[in-house]
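Here is a short walk through one protein model. Keep the coordinates open and follow along.

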Amino acid sequence: MLILIDNGHGHNTPGKRSPDGKFLEYAYNREIATRIVADLIDRDYNAQLLVPETEDIPLTERVRRINAHCNTLGKSNVILISIHVNAAGNGTKWLNATGWSCYTSKGQTTSDRIAECFYEAAKKNFPDRRIRTDYSDNDPDWEENFYILRHSLCPAVLTENFFMDNHSDLEYLQSRSGKQAIVDTHVEAITEYLSSL
């Protein structure tokens with residue numbers, strides 16, 4: 001199984017930063033994604049960064065890369081995890097939205113099972129933080145027509161790891177314990193899903 005870790009955005013993506021400009025989402029996503037890949041490789045899983053470049057690679061190219069792997073290995077032998085940090089506004093002011101969430105494409109798919117593993121790991125690793133859920137379709141993940149989820153041939157989920165425009169979330173995001181909990185959540189969810197196959 002090939003595990004593709006997508007670190008969202010790039011150094012040239014407009015916005016995507018905390019209101020004080022000190023937190024850059026692309027840099028954070030890259031750090032977390034790199035740590036997740038290293039941890040998975042240490043556990044003898046086949047994991048790699050989808051985007052090693054620092055610039056923002058267009059979604060069409062990201063999906064092309066994903067689907068090239070799917071066409072070579074078979075779509076059932078690839079999974080995609082896209083790493084992001086949330087924001088409630090446009091990055092100009094501090095707001096109150098808080099919490100962690102996971103997204104899949106619309107409808108019942110294999111991605112829903114991966115998302116369930118993520119929610120189980122999140123509850124364990126973020127015991128004192130808000131976990132954002134949407135049970136309108138009887139499972140906890142949020143469903144959106146995000147391009148990378150909709151067009152990837154393989155099962156794919158996107159995580160929004162707290163809010164960069166919330167003071168409390170941002171402090172947690174940047175803490176050593178917060179970073180480790182985010183990495184652990186991803187690694188544990190992925191390995192739990194793969195062990196269930």
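The tour goes from the overall fold to the sheet, then to the helices, the largest pocket and one arginine.

This is a predicted model. The protein chain has six helices and six strands. Along the sequence, they follow the pattern β-α-β-α-β-β-α-β-α-β-α-α. The radius of gyration is 16 Å, close to the 16 Å that the globule rule gives for 197 residues, so the chain is as compact as a globular protein of that length. Its C-alpha trace spans about 45 × 35 × 35 Å along the principal axes.

Start with the sheet. The six strands form an open sheet with mixed pairing. Reading across, the order is S2-S1-S3-S6-S4-S5. Strand S2 (46–49) and strand S5 (142–143) stand at the edges. Each has a single partner strand, so one side of each is left without a neighbour in the sheet.

Now look at the pair S3 and S6. Strand S3 covers residues 78–86, and strand S6 covers residues 156–163. The two run parallel and are joined by six bridges. One place to find the register is leucine 80, whose bridge partner in S6 is alanine 156.

Helices come next. Helix H2 (residues 59–73) lies across strand S1 (2–7), S2 and S3. Its direction is at about 180 degrees to S1. Helix H3 (residues 110–125) lies across S3, strand S4 (100–104), S5 and S6. H3 runs at about 170 degrees to S4. S3 is thus a strand to keep in view, as H2 lies across S3 and H3 does too.

Which residues lie nearest the centre of the largest pocket? They are His9, Lys16, Glu25, His84 and Glu160. The full lining has 27 residues, and the pocket holds about 460 Å³ of space. H2, S3, helix H4 (147–151) and S6 each supply at least two lining residues. The largest share comes from S3, with four residues. By class, the lining has 11 nonpolar, nine polar and seven charged residues.

Finish at arginine 132. It is found in the loop between H3 and S5. What does arginine 132 touch, not counting residues up to four places away in sequence? Its contacts are Thr98, Gly99, Trp100, Ser101, Tyr119, Pro140, Trp142 and Phe163. Lysine 179 gives a distance to check from here. Arginine 132 and lysine 179 are 47 residues apart in sequence, and their C-alpha atoms are 18 Å apart in space.

Notes: Residues numbered from 1 in each chain as written. Predicted model: local features only at pLDDT ≥ 70, side-chain atom pairs only at ≥ 80, totals over all residues. Heavy atoms only, no water. Pairing = 2+ DSSP bridges. Contact = heavy atoms within 4.5 Å. Axes fitted to C-alpha atoms, helices over the stretch in contact; angles between N-to-C directions. 1 Å grid on protein atoms, 1.4 Å probe; cavity = no way out; pocket = protein on both sides within 12 Å on 5 of 7 lines; lining within 4 Å. Points joined across faces, edges and corners; volume = space filled by probe spheres on them. Nonpolar A, V, L, I, M, F, W, Y, C, P; charged D, E, K, R; others polar. Rg over C-alpha atoms; globule rule 2.2 N^0.38 Å.
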